[in-house]
Amino acid sequence: MMTDRVSLAPCVAAACLVLALGCSPASESAPRPVETATAPAPVDPILTADAALTQAIATSNSAAALALVDEDVTWTDAAGRTIGKADMAQTFPTPAIGDERVADVRRFNYTRVGVVQIHKDKLHGLRVWVQRPEGWRLFVYHEVQSLPSPPTSTPGTGKDCVNPCRTVPYEPASENERAVIAAFMALETASHAADVSNWGTHVADEFILVSSNSDRTFTRAERIEGLRKSTFGGVSPTELISARLFDFGDVVVMRSQQRPVRGAPLQISRVWVNRGGTWASTLSYQTSIQATATTR
């Protein structure tokens, strides 16, 4: 019998231990899960303003659309007709690209300036937004319709590029404007001479060139390749008639009219950014003026 008592003692002890553990509250032996709140995704104010404008236009809410337009806005349609806010208040224009859901839409945020590019087949749209004290406002709307087939000629300045290569009829109003005009002239000079190395110095990686004198768009790499092969695709430097530059710190918006030696004058929109002390062009939208236009 002694043997039985000895052999049962460990079992009794183990049972007591199990009972003791079983009596301990589970909440004390297991760690509590930590509840964390998921932070909401940041809202892009440029995207919000742009979506509100496209919605207002789609629903024919001219008052809501006009409220998102800057006092110094320009709207250039595919025929090259350029109007300001007063004309837009009379009849708000209709974009050539109606349904952007089937278009290639690209967005760029340059802090105080926002860019939205819309591409659909041969139609191209540009919306430039600027930050004002009252919020983001549409500053430039620009349409381009590409040619249906490759161009047969390239309108430009001719063999001797004086304007805009060596002189332009514009007096800069700030240090940034002076630097941008110098970069613009250097870019046009390099383009005229097919100087690939210097041309690339003044062009941003995201650069795009869209012209109604060409049947296609050009990225930075495509434009460099064209200059290297002396295939200009219908695009070449043209004489500067007039320009307005708008300084937003490290970004300058440039609106100009330029005239080739043959063919219709061009309404051109450009956005320049300061990258490490070098001003680079991010885009150039060029529309032949086929209709009466308001010079802005």
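Student: Why is F139 called buried in this model?

Tutor: This is a predicted model, and in it F139 has 0% relative accessibility. Buried means under 20%, so F139 counts as buried.

Student: What makes the pair of F139 and F248 edge-to-face?

Tutor: Start with the general idea. A pair of aromatic rings is described by the distance of the centres and the angle of the planes. For F139 and F248 the centres are 5.8 Å apart, and the planes stand at 85°. Rings pair if their centres lie within 6.5 Å, and planes over 60 degrees apart count as edge-to-face. Both conditions are met, so the pair is edge-to-face.

Student: Why is this pair said to tie together parts that are 109 residues apart in sequence?

Tutor: Look at where each ring sits. F139 belongs to strand β6 (residues 135-145), while F248 is in the loop between β9 and β10 (251-259), so the pair ties together parts that are 109 residues apart in sequence.

Student: And F248, is that residue buried or exposed?

Tutor: F248 has a relative accessible area of 5%. Set that against the limit of under 20%, and F248 is buried. F139 has another partner too: the charged end of R255 sits over its ring, 4.6 Å from the centre.

Student: How many aromatic pairs does a search of the whole structure find?

Tutor: The search finds six aromatic pairs. One of the pairs is formed by F108 and Y110.

Student: What makes the pair of F108 and Y110 stacked?

Tutor: The distance is 6.3 Å centre to centre, with 5° between the planes. The centres must lie within 6.5 Å, and planes under 30 degrees apart count as stacked. Both values meet these limits, so F108 and Y110 form a stacked pair.

Student: Which of these two is buried, and which is partly exposed?

Tutor: Y110 has a relative accessible area of 11% and is buried. F108 has 23% relative accessibility and counts as partly exposed. The limit for buried is under 20%, so 11% qualifies for Y110, whereas 23% does not for F108.

Student: Which rings are linked into a cluster?

Tutor: Ring pairs link W75, F92 and Y141 into a cluster.

Student: How do you know that R106 forms a salt bridge with D104?

Tutor: Here is the background. Side chains of opposite charge can pair when their charged atoms come close. In R106 and D104 the closest N and O atoms are 2.7 Å apart. A salt bridge needs such atoms within 4 Å, so this pair qualifies. R106 is partly exposed at 35% relative accessible area, and D104 is partly exposed at 33%.

Student: What about R216 and E222, how far apart are their closest N and O atoms?

Tutor: They are 3.4 Å apart. The limit is within 4 Å, so R216 and E222 also form a salt bridge.

Student: Where do E225 and R228 lie?

Tutor: Both lie in helix α8, three residues apart, which is about one turn of the helix. They form a salt bridge as well, with the closest N and O atoms 3.0 Å apart.

Student: Why is R228 called exposed and E225 partly exposed?

Tutor: R228 has a relative accessible area of 51%, and E225 has 32%. Exposed means over 50%, and partly exposed runs from there down to the buried limit of 20%. That is why R228 is exposed and E225 is partly exposed. In the whole structure, a search finds 15 salt bridges. D50, E100 and R127 are linked in a network of salt bridges.

Student: What is the order of strands in the open sheet of six strands?

Tutor: The order is β8-β7-β12-β11-β10-β9, with mixed pairing.

Student: What makes β8 and β9 edge strands?

Tutor: Strands β8 (217-219) and β9 each pair on one side only.

Student: How are the neighbours of β12 joined to it?

Tutor: Strand β7 (residues 203-211) runs parallel to β12, with five bridges. Strand β11 (residues 266-275) runs antiparallel to β12, with ten bridges. One of the bridge partners is L283 in β12, paired with I208. Strand β12 is mostly covered, as ten of its eleven residues are buried.

Notes: Residues numbered from 1 in each chain as written. Predicted model: local features only at pLDDT ≥ 70, side-chain atom pairs only at ≥ 80, totals over all residues. Heavy atoms only, no water. Buried < 20%, exposed > 50% of the residue type's maximum accessible area, 1.4 Å probe, protein only. Helix = DSSP H or I, 4+ residues; strand = E, 2+ residues; numbered from the N terminus. Pairing = 2+ DSSP bridges. Lys NZ or Arg CZ within 6 Å of the ring centre and 35° of its normal. Salt bridge = Lys/Arg side-chain N within 4 Å of Asp/Glu carboxyl O.
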